[in-house]
Amino acid sequence: MSSRNKDIAVQFLAALDRDPDRMPGFLSDNAEYHLIAQLLNVGPFIGKNAIATQFVPMVKNLFPNHLNIEIDNVIAEGNHVAVECHSNTICANGRKYANLYHFLLEFEGDRIRSVKEYNDSQYAKETLMPG
């Protein structure tokens, strides 16, 4: 099962990168998306619908040129998959955005139940926020 979950996790992050509208298709109905980035004060997004109607539009607005995610490492154990990756893009405000991420995904069957996204929130705040 962990090999299948790794494949789904990689496909989910590819959707986040290139086609965020596809993200909800990987999620359970009661999914949660947590940005573990206190400086940004964003989320959590509770439920597949909240992720689709709040998180996805935010990503598309901030990163119209996609995130250009490159995966560095994927580890799976039981119903959890951990992914280390980085992005390299130009965000909507014209600034270069190259952040580091760790995702911890929890699965419920073949659907993602929980996403915890860890990133450099100081960098994200300085790069994405005006002023």
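# A tour from two cysteines to a pocket

Start by selecting Cys91, which is buried, with a relative accessible area of 3%. The model on screen is predicted, and the residue numbers count from 1 along the chain.

**Stop 1: the cysteines**

Keep Cys91 selected and add Cys85. Cys85 is buried as well, at 2% relative accessibility. Draw a distance between the two sulfur atoms. Why is Cys91 not bonded to Cys85? The closest cysteine sulfur to that of Cys91 belongs to Cys85 and is 17 Å away, which is too far for a bond; a disulfide would need the two sulfurs within 2.5 Å. The count for the model is therefore 0 disulfides under that cut-off. Seen from the other end, Cys85 is in no disulfide, and its nearest cysteine sulfur is that of Cys91.

**Stop 2: the loop after helix 2**

Next, select helix 2 (48-62) and strand 3 (70-77), then the loop between them, where His66 lies. Asn68 is found in this loop too.

What is the sign of phi at His66? The phi of His66 is positive, about 70°, although His66 is not a glycine. Asn68 also has a positive phi, about 55°, and is not a glycine either. As background, most residues other than glycine have a negative phi.

Now show the surface over this loop. His66 counts as partly exposed because its relative accessibility is 27%. Asn68 is partly exposed too, with a relative accessible area of 25%. The partly exposed class lies between the buried limit of 20% and the exposed limit of 50%.

**Stop 3: the largest pocket**

Finally, select Leu35, Met58, Leu62, Phe63 and Glu117, the lining residues that lie nearest the centre of the largest pocket. The lining has 20 residues, and the pocket has a volume of about 250 Å³.

Colour the secondary structure to see where the lining comes from. Strand 1 (27-36), helix 2, strand 7 (100-108), strand 8 (111-119) and helix 3 (121-128) each supply at least two lining residues. Which element gives the most to this lining? Helix 2 does, with 4 residues. Helix 2 also leads into the loop of the previous stop, the one that holds His66 and runs to strand 3.

Then colour the lining by residue class. How many of the lining residues are nonpolar, polar and charged? The lining of the largest pocket has 18 nonpolar residues, 1 polar and 1 charged. Glutamate is placed in the charged class, and Glu117 is among the residues nearest the pocket centre.

Note on methods. Predicted model: local features only at pLDDT ≥ 70, side-chain atom pairs only at ≥ 80, totals over all residues. Heavy atoms only, no water. Buried < 20%, exposed > 50% of the residue type's maximum accessible area, 1.4 Å probe, protein only. 1 Å grid on protein atoms, 1.4 Å probe; cavity = no way out; pocket = protein on both sides within 12 Å on 5 of 7 lines; lining within 4 Å. Points joined across faces, edges and corners; volume = space filled by probe spheres on them.
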